[in-house]
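Good morning, everyone, and thank you for making time for this. I would like to walk slowly through the interior of one protein model, so please have the structure open in front of you.

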Amino acid sequence: MKFEVGYRTDPGPRKGANQDAIRVVAGEGHLDGIALILSDGMGGARAGERASEIAVSVIEEELVAAPPLTPTTASERLHQAILTANQSIYDEAQAMPEKQGMGCTIVAALILGNQGWIASVGDSRAYLIRGESSKQLTQDHTWVNARVRDGIMTREEAVNSGLRHVLDRALGTRPNVEVDVWPARTLEPGDVLLLCSDGLYGVLDDEEMRATATAYPAQQAADRLVQQALDAHTHDNVSVVVLQVRE
């Protein structure tokens, strides 16, 4: 089984530094596989771009370090890598008063053979596209989504809420964080994994993302998705990683 990967990040219309960060790691160090890592710095926090850069760098370092990853250890290693990133961001913020409060989201995919593991904190997303269907694999850790899960708010109310991007869980804002790690999924030829920040899915619907991610080679698909978000007047930094599974 072969994989084709494309990725792109763009600051979009927001002033200042791009607070999104991406890492794509393939066959480096002791990692005999692929790691896709995407982070979105918290827009209202100081040094969000620094938080996202720490997150992707630390997770990369942890996943390529010895001992080599195996299907048995993949889930726990991915979980621990994100916890280590959380601690690194928190420690730097505590040591530097001007950075206190910085944080970020994280979504990561780890591919070994034909198995894929997904982990996340915050509201950056991972989708699995298979044929004509698109399934969101992650759960948004937002204030409104928690109320939808609790039956306090409808999905329609959540979509229209001015608080829909307020996170109730983020990386680096506290010394400990709960990380969602999903069991391994078997990837099939023709599948597409799509990771993205809210600058993309906030303006494109699932069908638009599915159609573009499957109609073009991976890098071209990533470029086109970002351009579609910019054309749709996204208000945020926009980032995407597209992994296409080949025979």
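**Inside the model: a cavity and two cores**

Let me start with the lining of the largest cavity, which by class is made up of 5 nonpolar residues, 1 polar residue and 1 charged residue. Please keep in mind that what we are looking at is a predicted model. The residues that line this cavity are Gly116, Trp117, Ile118, Leu137, Arg185, Leu187 and Leu193, and the largest share of them, 3 residues, is supplied by strand E5, which covers residues 115-121. As for volume, the largest cavity comes to about 30 Å³, and the count of cavities of 30 Å³ or more is 1.

Now let us turn to the nonpolar cores. The largest one holds 34 residues, and those that touch the most other members are Leu31, Ile59, Ile82, Ile89, Ile106 and Leu171. Two or more residues of this core come from each of strand E2 (20-26), strand E3 (34-40), helix H1 (48-64), helix H2 (74-95), strand E4 (106-112) and E5. Which element gives the largest share of this core? That is H1, with 8 residues.

If you would like one residue to follow on your screen, take Leu31, which, once its neighbours within four places in sequence are left aside, is in contact with Val25, Leu63, Val64, Leu69, Leu110 and Leu112. Apart from this largest core lies another core, of 19 residues, and among them are Val192, Ala222, Val226 and Val238.

How values were computed. Residues numbered from 1 in each chain as written. Predicted model: local features only at pLDDT ≥ 70, side-chain atom pairs only at ≥ 80, totals over all residues. Heavy atoms only, no water. 1 Å grid on protein atoms, 1.4 Å probe; cavity = no way out; pocket = protein on both sides within 12 Å on 5 of 7 lines; lining within 4 Å. Points joined across faces, edges and corners; volume = space filled by probe spheres on them. Helix = DSSP H or I, 4+ residues; strand = E, 2+ residues; numbered from the N terminus. Nonpolar A, V, L, I, M, F, W, Y, C, P; charged D, E, K, R; others polar. Core = buried A, V, L, I, M, F, W, Y, C linked by side-chain atoms within 4.5 Å. Buried < 20%, exposed > 50% of the residue type's maximum accessible area, 1.4 Å probe, protein only. Contact = heavy atoms within 4.5 Å.
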